[in-house]
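Here are some short exercises on strands and sheets. Try each task before you read its solution.

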Amino acid sequence: ESAETAKNRKVLTTKPINTIFEDYKVAKPISHKGLQVFLINGPSEIKNQTYTTLDRAMKTKAVTVNETGKVGELSIKNNSAKPVYIHSGDIVKGGKQDRTIAHDMVIPPNSKEIPLKSFCVEQSRWRKRGSEDVSKFSGNSKMLSSRELKYAAKYKGNQSDVWSNVSKEQEKLNKNISRLRGKNVDVKQNQSASSLQLTLENEELKKVKAGMEEKLDSLLIGKNKTIGFAYAINGKVYGAEMFNNKNLLKDLWGKLSHSIMDEAVANYDSTTKNSKVLDEEDVIAFINATKTNAIEESEKDINQSTQLLTQETKTDVLFSTIDLEKEKWLHKSYMEKDTTAIAKSNSNSNNRIILRQ
């Protein structure tokens, strides 16, 4: 066999990486130990709209989030002339217990006392904590930090599963932070041992994330084409998020990036050198999984401005948040189901189920 023939054979057997799906392109990953982050670039449709994120709105007193006396429901009042965007999994700190918000929501300008479906992420407290106001919440700097927690809250809607997965997340963080810091660390040593919020504020966790922060905190600076991202841990895609408003993604990036950093620390594996290194095709395959086989769809009105469209197969689910005023999708979240304990959501009067073959 000639050298030229061998060269041609090598070229023919080299498979080009597919980086395109629909109108979007998946970029090469940014990697740190077992974490890989893939930016997704493409066009956005909601351009002439400014959404205020929940954390910014709470800092500027544009909104107030209040207790209602119910674990599963809070209320929010928008005191500003701009719509406020709440991301599912946002954690609000304070009140009688720290809570997480179940669904994405657009809160209209100058709106009065809109209900928020919530789950407790702090099991043992139902009273004032320190100097906090027991009747309302002080801020939003964190969001749910594991796919199991997101699945329990957003898909299953099960408070017991949320509590169980908070405890599991704390135990994993204890183990891995202690290993990485070379000393015993207890992320539950604080004013409320069961609080996920206080666990995520732990100083030792911040030190462990320092290397990831250097790569990820400024990742979107100058990235004017970025519409979303996917991330993988230890050679497995954990999720993908896309936004139809690029400024909203940039404003949320601080919380989103730290959420996946926290998850990467909790799932740190010292044997990650042996894990599969994923490429752009793996991300596209993960996203396209919701388009294969029979798909069940459900539509749910979250409030007057927001609708949730859920599309699912036996193994995967796509949540699409619709801004009803704009009549366009605002956020898409791709998630793999927990196939060991799939639970059907209870249907209600404003759900419409469609079976599509």
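**Exercise 1.** Which residue in strand 18 stands opposite L309?

Solution. The model is predicted. Start with the pairing: strand 17 and strand 18 (residues 316-323) are joined by 7 bridges and run antiparallel. Next, find the partner: S320 stands opposite L309. Last, look at the link: 3 residues make the hairpin connection from strand 17 to strand 18.

**Exercise 2.** Describe how strand 16 pairs with strand 17.

Solution. Strand 16 covers residues 295-303. It runs antiparallel to strand 17, with 7 bridges between them. One facing pair is D301 and Q307. The two strands form a hairpin, with 2 residues between them.

**Exercise 3.** Why is strand 17 described as largely enclosed by the rest of the structure?

Solution. Use the cut-off first: buried means under 20% relative accessible area. Then take one side of strand 17: T306, L308, T310 and E312 are buried. Now take the other side: Q307, L309 and Q311 are buried too. Both faces are covered. So 7 of the 7 residues in strand 17 (residues 306-312) are buried, and the strand is therefore largely enclosed by the rest of the structure.

**Exercise 4.** Which strands lie at the edges of the open sheet of 6 strands?

Solution. Write out the order: 6-7-12-10-9-13, with antiparallel pairing. Read off the edges: strand 6 (63-70) and strand 13 (137-143) each pair on one side only. On average, neighbouring strands of this sheet are turned by 40 degrees against each other, direction ignored. Now check one pairing inside the order: 4 bridges connect strand 7 (residues 73-78) with strand 12 (residues 114-120). There, L74 has L116 as its bridge partner.

Note on methods
Residues numbered from 1 in each chain as written. Predicted model: local features only at pLDDT ≥ 70, side-chain atom pairs only at ≥ 80, totals over all residues. Heavy atoms only, no water. Buried < 20%, exposed > 50% of the residue type's maximum accessible area, 1.4 Å probe, protein only. Pairing = 2+ DSSP bridges. Axes fitted to C-alpha atoms, helices over the stretch in contact; angles between N-to-C directions.
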